[in-house]
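Q: I've just opened this one and don't know my way around yet. Can you walk me through it?
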Amino acid sequence: MKLVEELEEKIRKSAQLILDAKVVVAFTGAGISTESGLKDFRGDYGLWKKFDPYYYANYRVFLERPKLYWTMVKEERYGRDKKVEPNPAHLALAELEVMNRLDCIITQNVDGLHQIAGNKKVIEIHGSSRTSHCMKCKREFSYGEIAAKLELDEITPTCNDCRGVLKSDTVLFGEPLPVEPFNEALWWAESADLMLVIGSSLTVFPAAELPKRVIQRGKKAILINLTETPFDADFDLIFYEKAGKILPFFVKEVRKEIGHTKEQL
Ligand code: APR
């Protein structure tokens, strides 16, 4: 079978799994946001190729030397000359939710792009970069306020009220995961009969445990990832392709079916 026909067949099979499933959950990682211009962590041009996460994204190191983390963030995120927008992969997941064919997104990402794309049910298991808090008085600061502080070369942003050090609400290595979101993500992984795993190396735990829960229960799982992961053998369908290329084809196939069903009603 020619490559294109093989890809078309896999897309048709994936769309059928999405149509047949009762509970569809997406599990996303940094790879879904690279087509929005953000770096992933372990890909060829990943953030951890440039910054050693042991120093720049480690909770214990942050408590002693917060400047390291904020320097990396300023350079890589805030120091961007353009707004970061959702890409076709994010928009495709938003469409699946509108068509009632996606119940929930569990994301490891902190960029908020799923919510900006329009998805309502998003569980952020690694926190969010959209807000930061003062480590002393707990006052909350918005993304914009932090950006302004970093712009003013306040390399370690401090609280306007008590001068305490500000920490992003992104979970760092060695920092306990927020319990509530992870428990809810676990519930969804135990309830799903189909999981779409998109743009993750599946190398960080306990997050990577979630797709395993779906697979161990004998339910269906589809992987869209540019490179191999340790669990590839367990997936029903695998696309070593860009998420922004494949997901819109899923939507197109599902819409064909749903559109057709609507006419029948
Ligand atoms: N489409 C599909 N896959 C892609 C794309 C793309 N456009 N771009 C990159 N990828 C793949 C890469 O090949 C890589 O395997 O996405 C994967 C991203 O893996 P990581 O960089 O390890 O990111 P992630 O799995 O989200 O990391 C998990 O580790 O550093 C911590 O807390 C951080 O949440 C993060 C966690």
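A: Sure. One term to start with: a polar contact is a pair of N or O atoms within 3.5 Å. Also, keep in mind that this is a predicted model.

Q: OK, so how far is the ligand's oxygen atom from the side chain of Asn 225?
A: An N or O atom in the Asn 225 side chain sits 2.9 Å from an oxygen atom of the ligand.

Q: And what about Trp 48 and Gly 199?
A: Trp 48 uses a side-chain N or O atom, 3.0 Å from a ligand oxygen. With Gly 199 a backbone N or O atom is involved, at 3.4 Å from an oxygen of the ligand.

Q: How much of the ligand does the protein bury?
A: The protein buries 94% of the 730 Å² that the ligand exposes when taken alone.

Q: Which residues are closest to the ligand?
A: Phe 41, Arg 42, Ser 200, Ser 201 and Thr 227 are the closest, out of 22 residues that surround the ligand. That shell has 10 polar, 7 nonpolar and 5 charged residues.

Q: Switching to helices: at what angle do H5 and H8 cross?
A: Roughly 105 degrees, with the axes of H5 (residues 66-78) and H8 (residues 143-151) coming within 11 Å. Angles from 65 to 115 degrees count as roughly perpendicular, so H5 is roughly perpendicular to H8.

Q: Which residues meet there?
A: From H5, Trp 70, Lys 74, Arg 77 and Tyr 78; from H8, Tyr 143, Ile 146, Ala 147, Leu 150 and Glu 151. By class, that contact has 6 nonpolar, 3 charged and no polar residues.

Q: What about the backbone? Where is there a cis peptide bond?
A: Between Phe 205 and Pro 206, with omega about 10 degrees. Pro 206 is in the loop between strand S7 (194-198) and helix H10 (209-216). Most peptide bonds are trans.

Q: And what's phi for Lys 138?
A: Near 70 degrees, so positive, in a residue other than glycine. Most residues other than glycine have a negative phi. Lys 138 lies in the loop between strands S4 (127-134) and S5 (140-142).

Key: Residues are numbered from 1 along each chain as its sequence is written. This is a predicted model: local features need pLDDT of at least 70, side-chain atom pairs count only at pLDDT 80 or more; totals for chains, interfaces and linings use all residues. Side-chain values use heavy atoms; hydrogens and water are left out. Axes are lines fitted to C-alpha atoms, for helices over the stretch in contact, and angles run from 0 to 180 degrees between N-to-C directions. Helices (H or I, at least four residues) and strands (E, at least two) are DSSP runs, numbered from the N terminus. Angles under 35 degrees count as roughly parallel, over 145 as roughly antiparallel, 65 to 115 as roughly perpendicular and the rest as oblique. Contact means heavy atoms within 4.5 Å. Ala, Val, Leu, Ile, Met, Phe, Trp, Tyr, Cys and Pro count as nonpolar, Asp, Glu, Lys and Arg as charged, and the others, Gly among them, as polar. A residue is near a molecule or strand if one of its heavy atoms lies within 4 Å of it. A polar contact is a pair of N or O atoms within 3.5 Å; within protein, one must be able to donate a hydrogen and the other to accept it, and residues adjacent in sequence count only if both atoms are side-chain atoms. Accessible areas come from the Shrake-Rupley method with a 1.4 Å probe; for residues, only the protein chains shown count as cover.
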